[in-house]
Amino acid sequence: MYPLTIGILLLLLLVAALHDVRTRRIPNVLVLTGVIAGLSFNSLLPKGMGGLGAFASLAGVAAGLLLLLPLYLFRAMGAGDVKLMSMIGAFLGVAEVMHVFIYVLLAGGLLAMGTIWARRKPQAIPVKLRKMRVAGTLPIGPVSRPEGLEDSASAPAKTVTLPYGVAIALGTAWYLVAVPLL
């Protein structure tokens, strides 16, 4: 991949992560600009300079979208995060965005654990897992509702949201640095 292309991708991801931290939103105009830039670079650059071609870049957009779409549908992630991953696909193509996805999940897990520890509530992890298991979103076998576990419909939501744009940016940067070293 062309160093300028990587630099532009990382700059777009940095802006998205900073905006996500401040507002918990990733602007559509930023993502659209990134998709157009990724498609343009891959369409105009020759293969020898890292260009993938227009079709491969569009396929990367679709792959990035499909990778995070299930998490959006289960309300575990915002639409901006899904669109941000599709922007990465525009730059990297299908195979690379699938590899980046693994790094993004790892970065997201580390970010979540760090947030829990920073808030000094590590005891929340088993409670959250138990609630997920009871709700049927963590399939670990048959369960019954334990005493003292409030009904999720009547209890106020006390969910801590993470700016997942940060995990997407860090995971992508981690991949782009780690892979050439391997």
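These legends go with an overall view and two close-ups of a predicted model.

**Figure 1. The whole chain is built from helices, with no strands.** The protein chain has six helices and zero strands. Read from the N terminus, the elements simply go α-α-α-α-α-α. Of the 182 residues in the chain, 34% are buried. The accessible surface adds up to about 11,100 Å², and carbon and sulfur atoms own 70% of that. As for who touches whom, take the contacts between residues at least 6 apart in sequence: 68% of them join residues at least 24 apart.

**Figure 2. Close-up on Ala 17, a buried residue in helix α1.** Helix α1 covers residues 3-23, and Ala 17 sits in it. Its relative accessible area is 10%, so Ala 17 counts as buried, the cut-off being under 20%. Skip the neighbours within four places in sequence, and the contacts of Ala 17 are Gly 165, Val 166 and Ala 169. Look at the Gly 165 pairing in particular: Ala 17 and Gly 165 are 148 residues apart in sequence, yet their C-alpha atoms are 4.8 Å apart in space.

**Figure 3. Close-up on Ser 86, a buried residue in helix α4.** Ser 86 belongs to helix α4, which spans residues 79-118. With a relative accessible area of 7%, Ser 86 is buried too, because that value falls under the 20% cut-off. Its contacts, again leaving out neighbours within four places in sequence, are Gly 60, Val 61, Gly 64 and Leu 65.

Technical notes:
Residues are numbered from 1 along each chain as its sequence is written. This is a predicted model: local features need pLDDT of at least 70, side-chain atom pairs count only at pLDDT 80 or more; totals for chains, interfaces and linings use all residues. Side-chain values use heavy atoms; hydrogens and water are left out. Helices (H or I, at least four residues) and strands (E, at least two) are DSSP runs, numbered from the N terminus. Buried means under 20% relative accessible area, exposed over 50%, partly exposed in between (1.4 Å probe, protein chains only). Contact means heavy atoms within 4.5 Å. Accessible areas come from the Shrake-Rupley method with a 1.4 Å probe; for residues, only the protein chains shown count as cover.
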